[in-house]
Amino acid sequence: MALHWSHLTVVLFLSQAWAFLHTQEEDSIPEEWVLLHVVQGHIGAGNYSYLRLNHDGNIILHMQSLKGDADLYVSDKTLRPSFDTYKLQSVTCGQDVVVVPVDFVRPVGIGIYGHPSHQESEFEMKVFYDQTIPEDPFDKSSYPSDNGGKQKRHPQVSDEDYQEDESILWTILIGILKIVLEILF
């Protein structure tokens, strides 16, 4: 009997997680986000495809796996991030979202990984600029300098650690859900 109730509890939890993930469809994209690019592509199992982000500001990478399972890795330290070298990640089965903070040094490397569970993965990534985040008036890199207004931006202490912790938490949660689904079905 206890096993039956635990199965029902797991099914209820999974249905709530499924409903939560599907409430964040494209209809819920805020009006303040400006669409910059749409990138579509295919990636083979176990392979990477790399992109480079040069836009300043708070950028949202919104990737949907149309077929298979494509995962997203982002770094401002390397232009070829992977599951070994990244700062931000989203590795869900379906919709992957990563918010690239303002303080990431540009260019930012984006790695799209084709999960080996599928022979080929097809994805569509929309790149948005969030205009709701105001520029910091005290950011010294926004002031003109003697070198023609071009000053090297240095990363500053921000909510990056919080975002990494949140990303890791989501990764662990999705991993647990995958394991539970494999056990149940």
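Which residue in E7 is the bridge partner of Arg52? Keep that one in mind while you work through the exercises below; the model is a predicted one.

**Exercise 1. Find the partner of Arg52, then work out what else pairs with E7.**

Step 1. Start with the opening puzzle: Arg52 has Gly109 in E7 as its bridge partner.

Step 2. Zoom out to the strands. E2 and E7 run antiparallel and are joined by six bridges.

Step 3. Now look at E4, residues 70-75, which is joined to E7, residues 108-114, by six bridges, again antiparallel. Along this pairing, Tyr73 has Gly111 as its partner, and Ser75 sits opposite Gly109.

Step 4. Put it together: Gly109 is the bridge partner of Arg52 and also stands opposite Ser75.

**Exercise 2. Give the strand order of the open sheet and name its edges.**

Step 1. The sheet has four strands, in the order E2-E7-E4-E5, with antiparallel pairing.

Step 2. For the edges, pick the strands that pair on one side only: these are E2 (48-53) and E5 (88-90).

Step 3. Add the geometry: going from one strand to the next, the twist averages 20°.

**Exercise 3. Decide whether E7 is enclosed or open to the outside.**

Step 1. Take one side of the strand: Val108, Ile110, Ile112 and Gly114 are buried there.

Step 2. Flip to the other side, where Gly109, Gly111 and Tyr113 are buried too.

Step 3. Draw the conclusion: seven of the seven residues of E7 are buried, so this strand is largely enclosed by the rest of the structure.

**Exercise 4. Trace the two pairings of E3 through Ile59.**

Step 1. E3 covers residues 59-67 and is joined by six bridges to E6, residues 95-100, with the two running antiparallel. Here Ile59 faces Val100.

Step 2. E3 also pairs with E8, residues 120-130, in the antiparallel sense, this time over eight bridges. In that pairing Ile59 stands opposite Tyr129.

Step 3. So which residues does Val100 touch, leaving out those up to four places away in sequence? Ile59 is on the list, along with Leu53, Gly57, Asn58, Leu61, Val74, Leu88, Arg106 and Val108.

**Exercise 5. Describe the largest nonpolar core.**

Step 1. Count the members: this core has 17 residues.

Step 2. Pick out those with the most contacts inside the core: Leu61, Leu72, Val74, Val100 and Ile112.

Step 3. Ask which elements give two or more residues to the core. They are E3, E4, E6, E7 and E8.

Step 4. Compare with a general trend: in soluble globular proteins, nonpolar side chains tend to be buried together.

**Exercise 6. Locate the salt bridges and sort their residues by burial.**

Step 1. There are two salt bridges in the structure.

Step 2. In one of them, the side chains of Lys67 and Glu120 meet at 3.5 Å, N to O. This pair links distant parts of the chain, with Lys67 in E3 and Glu120 in E8, 53 residues apart.

Step 3. Check accessibility, where buried means under 20% and exposed means over 50%. Lys67, at 41%, is partly exposed, and Glu120, at 32%, is partly exposed as well.

Step 4. Turn to Lys87 and Asp76, whose side chains meet at 3.1 Å, N to O. Both lie in the loop between E4 and E5, so the pair ties together parts that are 11 residues apart in sequence.

Step 5. Apply the cut-off again: Lys87 has 16% relative accessibility and counts as buried, and Asp76 is buried at 10%.

Note on methods
Residues numbered from 1 in each chain as written. Predicted model: local features only at pLDDT ≥ 70, side-chain atom pairs only at ≥ 80, totals over all residues. Heavy atoms only, no water. Pairing = 2+ DSSP bridges. Axes fitted to C-alpha atoms, helices over the stretch in contact; angles between N-to-C directions. Salt bridge = Lys/Arg side-chain N within 4 Å of Asp/Glu carboxyl O. Buried < 20%, exposed > 50% of the residue type's maximum accessible area, 1.4 Å probe, protein only. Core = buried A, V, L, I, M, F, W, Y, C linked by side-chain atoms within 4.5 Å. Contact = heavy atoms within 4.5 Å.
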